[in-house]
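Here is a short tour of two helices and a few backbone angles. Have the sequence and the model open side by side as you read.

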Amino acid sequence: WLLLSSGSLWLNAARDGDEAGALFATRERARVARVDLYGYAALAAAIAIAAAADPRAGACCAACAALAVFYSHRRTMWKAHPVLGPFVNGAGYGVLSWLAGFSIARVPMSARSAVAMVLLTIFVVGMTFAAQAYQGADDARRGYRTLVVTHGPRACLRAAALATSIAVGGVGVLAAAGVYPRVVVLGLPVFALAARTMARWLRAPRGGSPALAAEFAVRMVAGGAVLVALATIDVLVRS
């Protein structure tokens, strides 16, 4: 899956060029010639490894690779579409990656696992909107019709805040109800740090900066890591 993500990002870099700031970029670097070839090679290797581990995981990986190509290829460029772009991220990093994990673990999908998958997918879509909020000028210059181009950065950030709040709030409600370990509720205050970043981001001009996007992403992922850690501790204690 590391190869799958790397290949997807390399294809995206080949399409965009990332002339301005990019998420988690610490300094500007020259783009490698024909970086798209690295992308296709990584996707092919990812599919081969995943298929060797489990046929269903291989199928999920192949579907993710196809989505990556549709997302970035010049003849399709789904990333430039206001709906198809977020769909690719939600379906790939949410649904298909989740299903691949269950295939490798060889356990049946339960109802609460399926709900968690839906919440994760909503979360990923929200993060997709957050990642494009500062790229309005670049996307417009490239001719993309992303949400930041059609409705502006504030609409992007509000969509990101709404989607991530639904995902985190859903986990909190279900944990409080006992569907998930109740101890998970103790980790919810960690997300207040991400909310503070979002409040500053909404006040920033022109959609903010890659630094704000990176800070928000790190704080959201850190909150998710705390929830997973608490749930894991609960399972280990009960076992």
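The notes below go through two helices, then some positive phi values.

This is a predicted model, in which local features need pLDDT of at least 70, side-chain atom pairs count only at pLDDT 80 or more, and totals for chains, interfaces and linings use all residues. Residues are numbered from 1 along each chain as its sequence is written, and side-chain values use heavy atoms, with hydrogens and water left out.

**Helix H10**
- Helix H10 (a DSSP run of H or I with at least four residues, numbered from the N terminus) covers residues 210-238.
- Its 29 residues reach 42 Å from first C-alpha to last, close to the 42 Å expected (1.5 Å times one less than the number of residues).
- Buried residues (under 20% relative accessible area, 1.4 Å probe, protein chains only; exposed is over 50%, partly exposed in between) of H10 include Leu 212, Phe 216, Met 220 and Asp 234.
- Among the elements covering them are helices H5 (111-132), H8 (153-176) and H9 (191-203), where contact means heavy atoms within 4.5 Å.

**Helix H8**
- H8 has 24 residues and spans 34 Å between its end C-alphas, close to the expected 34 Å.
- Its buried residues, among them Cys 156, Ala 160 and Gly 172, pack against H5, H7 (147-151), H9 and H10.
- Just after H8, Gly 178 has a positive phi of about 90°.

**Positive phi outside glycine**
- Most residues other than glycine have a negative phi.
- Met 77 has a positive phi near 45°; this residue sits in the loop between H3 (55-72) and H4 (84-105) and is partly exposed at 23% relative accessibility.
- Arg 206 has a positive phi near 55°; this residue lies in the loop between H9 and H10 and is exposed, at 73%.

Definitions and conventions:
Helix = DSSP H or I, 4+ residues; strand = E, 2+ residues; numbered from the N terminus.
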